[in-house]
Amino acid sequence: MCEQCLEDNGNFCPQNLFYKEIVKKVGREELGIRFNFKEIAKCQGCFKCELSCPEGAIQPIKYEFQQFIS
Ligand code: SF4
């Protein structure tokens, strides 16, 4: 919760994909940090987030972008 990932100077996440929100933890709710999965297509795969988090709390996942055509 050092909140470096929330800084919008581009040093952590150039796309500002992290945000603060109330999250549920075992038996309680508190402010936490989430990744904006709705905007995951903006992720440029730079891994700055993984490399910059001082606690090593961010781990990349494999994601395959699918575009749905109706
Ligand atoms: S890999 Fe994606 S989420 Fe991580 S810092 Fe780069 S743009 Fe942001």
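**Fold, core and ligand shell of a predicted chain**

N16 lies in the segment before strand 1; helices (DSSP runs of H or I, at least four residues) and strands (runs of E, at least two residues) are numbered from the N terminus. The structure is a predicted model, in which local features need pLDDT of at least 70 and side-chain atom pairs count only at pLDDT 80 or more, while totals for chains, interfaces and linings use all residues. Residues are numbered from 1 along each chain as its sequence is written.

N16 has a positive phi of about 50° although it is not a glycine. Most residues other than glycine have a negative phi. N16 is partly exposed, with 16 other C-beta atoms within 10 Å. In this classification, a residue is buried if 20 or more other C-beta atoms lie within 10 Å of its own, exposed if 12 or fewer, and partly exposed in between, with C-beta atoms placed from the backbone. A positive phi is also found at F47, where the value is near 65° and the residue is again not a glycine. F47 is placed in the loop between strand 2 and helix 1, and F47 is exposed, with 11 other C-beta atoms within 10 Å.

The chain contains one helix and two strands, and from the N terminus on the order of the elements is β-β-α. Along its principal axes the C-alpha trace spans about 40 × 30 × 20 Å. Of the 70 residues in the chain, 7% are buried. Contacts (C-beta atoms, placed from the backbone, within 7 Å) were counted between residues of the chain. Among those between residues at least 6 apart in sequence, 40% join residues at least 24 apart.

Strand 1 (residues 18-25) and strand 2 pair in the antiparallel sense over eight bridges; pairing requires that DSSP finds at least two bridges between two strands. The two strands form a hairpin with two residues between them. In the turn, G27 has a positive phi of about 75°. Across the pair, K24 stands opposite E29 in strand 2, and Y19 stands opposite R34 in strand 2. Strand 2 (residues 28-35) lies largely in the open, because the number buried among its eight residues is zero.

I33 is one residue of strand 2. I33 counts as partly exposed, with 16 C-beta neighbours inside 10 Å. Leaving out residues up to four places away in sequence, I33 touches M1, C5, L6, F18 and K20. The C-alpha atoms of I33 and L6 are separated by 8.4 Å, although the two residues are 27 apart along the chain. M1 is found in the segment before strand 1 and is exposed, with 12 other C-beta atoms within 10 Å. M1 and A57 are 56 residues apart in sequence, and their C-alpha atoms are 9.8 Å apart in space.

The largest nonpolar core has five residues, namely C5, F12, C13, F18 and C49. Such a core is a set of buried Ala, Val, Leu, Ile, Met, Phe, Trp, Tyr and Cys residues joined through C-beta atoms within 7 Å. With residues up to four places away in sequence left out, the core residue F12 touches Q4, C5, E7, K48, C49 and S52.

K48 belongs to helix 1 (residues 48-52). K48 is partly exposed, with 17 other C-beta atoms within 10 Å. Apart from residues up to four places away in sequence, K48 touches F12, C13 and P14. K48 and N11 are 37 residues apart in sequence, with a C-alpha to C-alpha distance of 7.8 Å.

K48 and F47 are also among the residues around the ligand. The full set consists of C13, P14, Q15, L17, C43, Q44, G45, C46, F47, K48 and C49; a residue is near a molecule if its C-beta atom, placed from the backbone, lies within 6 Å of it. By class, this shell has seven nonpolar, three polar and one charged residues. Here Ala, Val, Leu, Ile, Met, Phe, Trp, Tyr, Cys and Pro count as nonpolar, Asp, Glu, Lys and Arg as charged, and the others, Gly among them, as polar. C13 and C49 occur both in the shell around the ligand and in the largest nonpolar core.

Methods
Contact = placed C-beta atoms within 7 Å.
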